[in-house]
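This report describes one chain, starting with a single residue and moving outward to helices and the whole fold. The sequence and structure are shown first.

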Amino acid sequence: MACRNTVSIFSSMQIQKFHSIENQSPPERISTYKPNIWKYDHLLSLSSPYSEKKYKFEALKLKEEVSNEFSESSVSPVAQLELIDKIDKVGLSAYFEVETKDALENTIMYSMKSNSSSKKEEDLYATALCFRLLREHGYHASQDMLKDFFDGKVKLPSDIKTLVELWEGSHLSMDGENLLNDIRLFSAENLKKISDVDRFTANNPLAWRVRWYDVRRHIISAQNCINTNPMFLKLAKLNFNIIQATHQNDLKDVIRWWRNLCIVEDLEFTRDRIVESFFFAVGIASEAQHGSMRKWLTKVIQLILIIDDVYDIYGSLADVQQFTHAIEKWDSKEVQMLPTCVQICFKALHDTMEEISVEIQRQNGGPSALPHLKQVWVNFCKALLVEATWYHKGHIPTLEEYLDNGWTSSSGQLLSFHVIFGLTNYKTTNETLDLCKNCQEIIYHTSVIIRLCNDQGTSTAELERGDVASSIICYMQEENVSEDVAREHIESIILNSWKKINYHFNILPKSHRKIVKHVINEARMAHVMYHSGDGFGVQDGETRDQVLINLVEPLI
């Protein structure tokens, strides 16, 4: 509490500072980022035997043995649901898509036929689990499934697993689902009182987490359970190591690209974060078949960091105004009068995007994506320019004004267009643009979550650097409230954005969901990167540990 109060005082001082510079030149901002911690030669030397084809054949054989669990006549509907949940959590969903679909549809038919009036606690657990799995897998599941258990008010289940299921399911809610909102508040409050509840689970709902970065933890948990099928466990470990080997090969490719770009030495002010950029990209699209997408996104994310640092740290207002103009014109002649560092940044962005566009066209066919990808870079840079102008004028916007610009400066729209154009193989650009239009609400709310998670994790460090006011500062200034109150308000906006995402994803055509789920993963990665601080700026914390266990160390 003392630490938070100190930060609140510091925030108030920073608000005063913004006002004091309104009519004078702002102080020079300095980079507080530490040098890269990763030894690239070591990462390039990684070699996994699981790249060999024999392990993929072994996995397919194990899959046949494990699939027998679905066909056993003695398995109850609840056990079937728990098996599906276990398969999802250990990363084996792709192996059992047909079996999972059949089991869920059989469960729906069973529940319709049984129509039991029983309100026993074990039925509440089964219903809560069923509700969550149906929503996660794209089936219609009304909150009324849970209504009969509460008779107008929520009652405390006596077992933890039921409470956890209610809490997890409540985070799949949509606007207007008041019962689920009540269940969320009730279950969160009571989970806090239970000492032996996993704190990670109690603070990070499944719906907001990147499933792939949970897989290792769930496999280890299954390993410690005496009832786990040995073949199931063996398949889960083998699959993790096979996919990790694929990720390692992709990582080595982007490290080579980054080294060949040869710009780190010339850009001392910016973040050398190619490993963290790759970690973020894997969270968006972890599936083995999306290697090209991962590499494109890694390059884009590293470039986002560089360009962001040009606007936030290095460039004068005149510099970034001209840089923005150059991006609009997509012409290197427009940066010839700018500092050499800025020229290097422009060339890296220009050349990389030209290359990525050619690769997307070669892989997916259809017209070039470059005009549309250029436009989202223009949008991004214009939003950064607005923030730079605010800073240089000492202007603290209202929260609404901040978010009207901040959803674009978050890079969410930029990333989403790269995801959609990178994964679609439509033969006309209009079809891809139609998909972008159909999920524009999802892109917007995903971008809001990225912006606000970023602000929550980086605001303290940004205040030290003297950056533009964050959403937290904006709300404190606008409403004259403490930092604690401002953070609670920001959390409520994040929650409401997730409700909007859940609704709009639910009404998408099923053919679009396989692509758009990767857009939503951007929001989940924002939670991963910023829930313990600045996951990009500070390398030697939780992000480093996550990189090691997910990308470097095999599961034995």
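## Thr458 and its surroundings

Apart from neighbours up to four places away in sequence, Thr458 contacts Tyr530 and Asp534. The coordinates behind this statement, and behind those that follow, belong to a predicted model. Thr458 is part of helix α22, which covers residues 440-465. With a relative accessible area of 2%, Thr458 is buried, because the cut-off for that class is under 20%. A polar atom of the Thr458 side chain lies 2.7 Å from the backbone oxygen of Asn454. The C-alpha atoms of Thr458 and Gly535 are 8.7 Å apart, although 77 residues separate the two in sequence.

## Two buried serines

Ser471 belongs to helix α23, residues 471-479. Its relative accessibility is 0%, so Ser471 counts as buried. The side chain of Ser471 forms a polar contact of 2.8 Å with the side chain of Asp455. Not counting residues up to four places away in sequence, Ser471 touches Leu399, Tyr402, Leu452, Asp455 and Ile490. Asp455 therefore appears both in the list of residues touched and as the side-chain partner in the polar contact, the contact cut-off being heavy atoms within 4.5 Å.

Ser187 sits in helix α10, residues 178-192. Ser187 is also assigned to the buried class, at 0% relative accessibility. A polar atom of its side chain is 3.2 Å from the backbone oxygen of Arg184. With neighbours within four places in sequence set aside, Ser187 is in contact with Leu163, Leu166 and Trp167.

The side-chain polar pairs described above are listed here.

| Side chain | Partner | Distance |
|---|---|---|
| Thr458 | Asn454, backbone oxygen | 2.7 Å |
| Ser471 | Asp455, side chain | 2.8 Å |
| Ser187 | Arg184, backbone oxygen | 3.2 Å |

## An exposed proline

Is Pro35 buried or exposed? Its relative accessible area is 67%, and Pro35 is therefore exposed. Pro35 lies in the loop between α1 (2-20) and α2 (40-44). Leaving out neighbours within four places in sequence, Pro35 is in contact with Arg273 and Gln539. Pro35 and Arg271 are 236 residues apart in sequence, with a C-alpha to C-alpha distance of 7.5 Å.

## Helices

The axes of helix α24 (residues 483-506) and helix α25 (residues 510-530) come within 11 Å and cross at roughly 170°. The two helices are therefore roughly antiparallel to each other, since the class applies to angles over 145 degrees. On the α24 side, the contact is made by Ile494, Trp498, Ile501, Phe505 and Asn506. These meet Arg513, Val516, Lys517, Ile520, Ala523, Arg524 and His527 of α25. Sorted by class, the contact of α24 with α25 consists of seven nonpolar, two polar and three charged residues.

Helix α12 (residues 212-223) has twelve residues. From its first C-alpha to its last, α12 reaches 17 Å, close to the 16 Å expected at 1.5 Å a residue. Its buried residues are Trp212, Tyr213, Asp214, Val215, Arg216, His218, Ile219 and Ala222.

## The chain as a whole

The secondary structure comes to 26 helices and zero strands. Of the 556 residues in the chain, 55% are buried. Among contacts with a separation of 6 or more, 77% are between residues 24 or more positions apart.

Notes: Residues numbered from 1 in each chain as written. Predicted model: local features only at pLDDT ≥ 70, side-chain atom pairs only at ≥ 80, totals over all residues. Heavy atoms only, no water. Axes fitted to C-alpha atoms, helices over the stretch in contact; angles between N-to-C directions. Helix = DSSP H or I, 4+ residues; strand = E, 2+ residues; numbered from the N terminus. Parallel < 35°, antiparallel > 145°, perpendicular 65-115°, else oblique. Nonpolar A, V, L, I, M, F, W, Y, C, P; charged D, E, K, R; others polar. Buried < 20%, exposed > 50% of the residue type's maximum accessible area, 1.4 Å probe, protein only. Polar contact = N/O pair within 3.5 Å; in protein donor to acceptor, adjacent residues only side chain to side chain. Expected span 1.5 Å × (residues − 1).
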